[in-house]
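Here is a walk through one protein chain, from single residues to ring pairs. Keep the structure open as you read.

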Amino acid sequence: MIMVLLGSALIAVSVEPESKEKWVAPGAEAQKKNPVAINDSSLAVGQKIYLQRCVGCHGRTGKGDGADAADLGIHPAKLSDAAVQQQTDGELFWKVTVGKKPMPNYRSRLSPTDRWNVINYLRTLARR
Ligand code: HEC
């Protein structure tokens, strides 16, 4: 961490490769409403995407214990935890859209509708 004095403003510049700071979505994004209703077809599409694209890191039940996580030596978020489940759909949508190393971004990999479908599916992990 390097402190830089700029005029009267003290600006903290992080030079660590992996930030330990909490990942917080911008307020406007957090308030974005989920336009896709939770129903069988949305959950089926969301589950398919999750099992294809997310399970390797986040694990089948969202405990962050996927096979790739061990291989890569990374610690993906536990999506079944309250810390994730209490976030709004908008926050989770934004995070899946922009990604955060080592998690890829899905802005161009998944359509907005499919990103909402996968968010709907993530809600089912809370109960497991
Ligand atoms: C290469 C491994 C990897 C893949 C694939 C991956 N993630 Fe992640 N994900 C991570 C890691 C690591 C984090 C923690 C990032 C951080 O907080 O520094 C994370 C964080 C998240 C978060 C934020 C949790 C929080 O703490 O707020 C969500 C939501 C999420 N992932 C959903 C998904 C979804 C949905 C997919 C599939 C479309 C996916 N991820 C694919 C590794 C991955």
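Thr 97 sits in helix H5, which spans residues 89-98. The model is a predicted one. Is Thr 97 buried or exposed? Its relative accessible area is 7%, so Thr 97 counts as buried, since the cut-off for buried is under 20%. The side chain of Thr 97 has a partner on the backbone: the oxygen of Phe 93, at 2.7 Å. Which residues does Thr 97 touch beyond its neighbours within four places in sequence? They are Asn 105, Tyr 106, Arg 107 and Arg 115.

Phe 93 leads on to the aromatic rings. How many aromatic pairs does the structure hold? The count is three. Two of them are described here, beginning with the tyrosines.

Tyr 50 pairs with Tyr 121. The ring centres are 5.5 Å apart, and the planes meet at 50 degrees. That pair is classed as tilted. Where do the two rings sit in the chain? Tyr 50 belongs to helix H2. Tyr 121 belongs to helix H6, residues 112-125. The two are 71 residues apart, so the pair links distant parts of the chain. Tyr 50 has a relative accessible area of 0% and is therefore buried. Tyr 121, at 3%, is buried too.

Now return to Phe 93. Its ring pairs with that of Trp 116. Here the centres lie 3.9 Å apart and the planes differ by 10 degrees. Why does this pair count as stacked? Because planes under 30 degrees apart fall in that class. Phe 93 is in helix H5, while Trp 116 is in helix H6. In sequence, 23 residues separate them, and this pair also links distant parts of the chain. Both rings belong to buried residues: Phe 93 has a relative accessible area of 7%, and Trp 116 has 5%.

Helix H2 holds Tyr 50, and also Cys 54. This helix covers residues 40-58. Cys 54 has 16% relative accessibility, so it counts as buried. Which residues are in contact with Cys 54, its neighbours within four places in sequence left aside? Ile 49, Gly 59 and Val 118 are. Met 103 gives another view of the fold around Cys 54. The two residues are 49 places apart in sequence. In space, their C-alpha atoms are 9.3 Å apart.

Technical notes. Residues numbered from 1 in each chain as written. Predicted model: local features only at pLDDT ≥ 70, side-chain atom pairs only at ≥ 80, totals over all residues. Heavy atoms only, no water. Helix = DSSP H or I, 4+ residues; strand = E, 2+ residues; numbered from the N terminus. Buried < 20%, exposed > 50% of the residue type's maximum accessible area, 1.4 Å probe, protein only. Contact = heavy atoms within 4.5 Å. Polar contact = N/O pair within 3.5 Å; in protein donor to acceptor, adjacent residues only side chain to side chain. Phe/Tyr/Trp six-rings, centres within 6.5 Å; stacked < 30°, edge-to-face > 60°.
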